[in-house]
Amino acid sequence: MSAVNDAFHRYQTELPNIRKAAQLTAALLRRKTARAHITCEVTHRAKEIGSFVTKAYHKGYADPWARITDKAGVRITVQHYGFLEQALETVKNNLTLVEDPQDYREREDVGGQYSLQYPRLHVQALAAGDLRDTDGQPYQCEIQIRTEATDLWARMSHRLLYKTGATEVPRDVSRSLYRLIALVELYDLEVERGVDVLAQHPDFTRTNRLLDEAEFLYRTFTEHDYRRDLSEDIIDVLIETVGHEPDYANKLVQFAEQHRQQLEEAYREYGPTSQLFLTHGRYVLASQPESLIIFERLSTAKMLLRGVWDDELPKTMLSDMAEIWSVHL
């Protein structure tokens, strides 16, 4: 009892730092997965105090603080099964692993029966940043990697089984959940196949590829949603200024890295969460992924951009972007 109480009070004290450690880790992985062109959502959380205490009591740990390793957690939810391994490699390449990853992509045979689990990966790593606990040790972070479909299955089954307090799964319910897991696997494979086919389809134009490239880069600066319809209108004009440069995607990547500090400042002051945008609704294009192409064109092909833009789009939209870039260039 004393060990649990000590861990409880310590967890209360260190919770702000644990939340920050999870946030920093998620921010790092959000940038790195975007650069790796992995379509995913990265979220984070710190374990609730009540959940921490409950786990400490139920597990009977002699040292709950040391044994409960999911105090900080990050979840990477990828678009389909094919991205799981890429996401794992991204984690391994950018964080220090504490132990070997746990691979739950195959169902475990226990006593002649498959265990009721879903395909995912778990990685225990040191959190990003330099925050340390009261013992001087860096915080750890549990990173879960799963697909969108398995995430849906996991949330459903968690509410169905664990929230009801069921100790044993009724056979008919178990069979239903197994069938759903099979459907999840099929769904993931079909999504992966569809994504691959569309990428090679002749109707998947250079315009779409350029917008996708800009979006991946944009996600390294902000996770805010954007208006796809507006992007499509703007990108049709921007593509005319890019011409037939076969290596423009790499040029855009180099521009984003070379000017990362200026771009971070620009998005912070004028982007979707800025006071200017929230109060006045101005600088709308600074909340769109194509803003990266606009900034690059303002730096390297300003006159060409103006000539094409003025014939097809409101001049004020470009002048707003030019104002932003002149301040931060």
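Of the 329 residues in the protein chain, buried residues make up 43%, in what is a predicted model. The chain has 14 helices and 7 strands, and its accessible surface comes to about 17,800 Å², of which 50% belongs to carbon and sulfur atoms. Where contacts link residues at least 6 apart in sequence, 72% of them join residues that are at least 24 apart.

One strand, β7, covers residues 140-147, and because 7 of its 8 residues are buried, strand β7 is largely enclosed by the rest of the structure. Two other strands pair with β7, as the table sets out.

| Strand paired with β7 | Residues | Direction | Bridges | Residues standing opposite |
|---|---|---|---|---|
| β2 | residues 72-78 | parallel | 6 bridges | R75 and Q144 |
| β6 | residues 121-126 | antiparallel | 6 bridges | A125 and C141 |

In each row the last cell gives a residue of the partner strand and then the residue of β7 that it faces, so that R75 stands opposite Q144 and A125 stands opposite C141.

Turning to the helices, α8 runs over residues 228-242, and its 15 residues, at 1.5 Å a residue, should span 21 Å, which agrees with the 20 Å that separates its end C-alpha atoms. Helix α8 nevertheless has a kink of about 30°, centred on I235, and I235 is itself buried. The buried residues of α8 also include L230, S231, I234, V237, L238, I239, T241 and V242. Just after the helix comes G243, which takes a positive phi of about 65°.

Methods
Residues are numbered from 1 along each chain as its sequence is written. This is a predicted model: local features need pLDDT of at least 70, side-chain atom pairs count only at pLDDT 80 or more; totals for chains, interfaces and linings use all residues. Side-chain values use heavy atoms; hydrogens and water are left out. Helices (H or I, at least four residues) and strands (E, at least two) are DSSP runs, numbered from the N terminus. The expected span of a helix is 1.5 Å times one less than its number of residues. The bend at a residue is the angle between axes fitted to the seven residues ending there and the seven starting there. Buried means under 20% relative accessible area, exposed over 50%, partly exposed in between (1.4 Å probe, protein chains only). Two strands pair if DSSP finds at least two bridges between them. Contact means heavy atoms within 4.5 Å. Accessible areas come from the Shrake-Rupley method with a 1.4 Å probe; for residues, only the protein chains shown count as cover.
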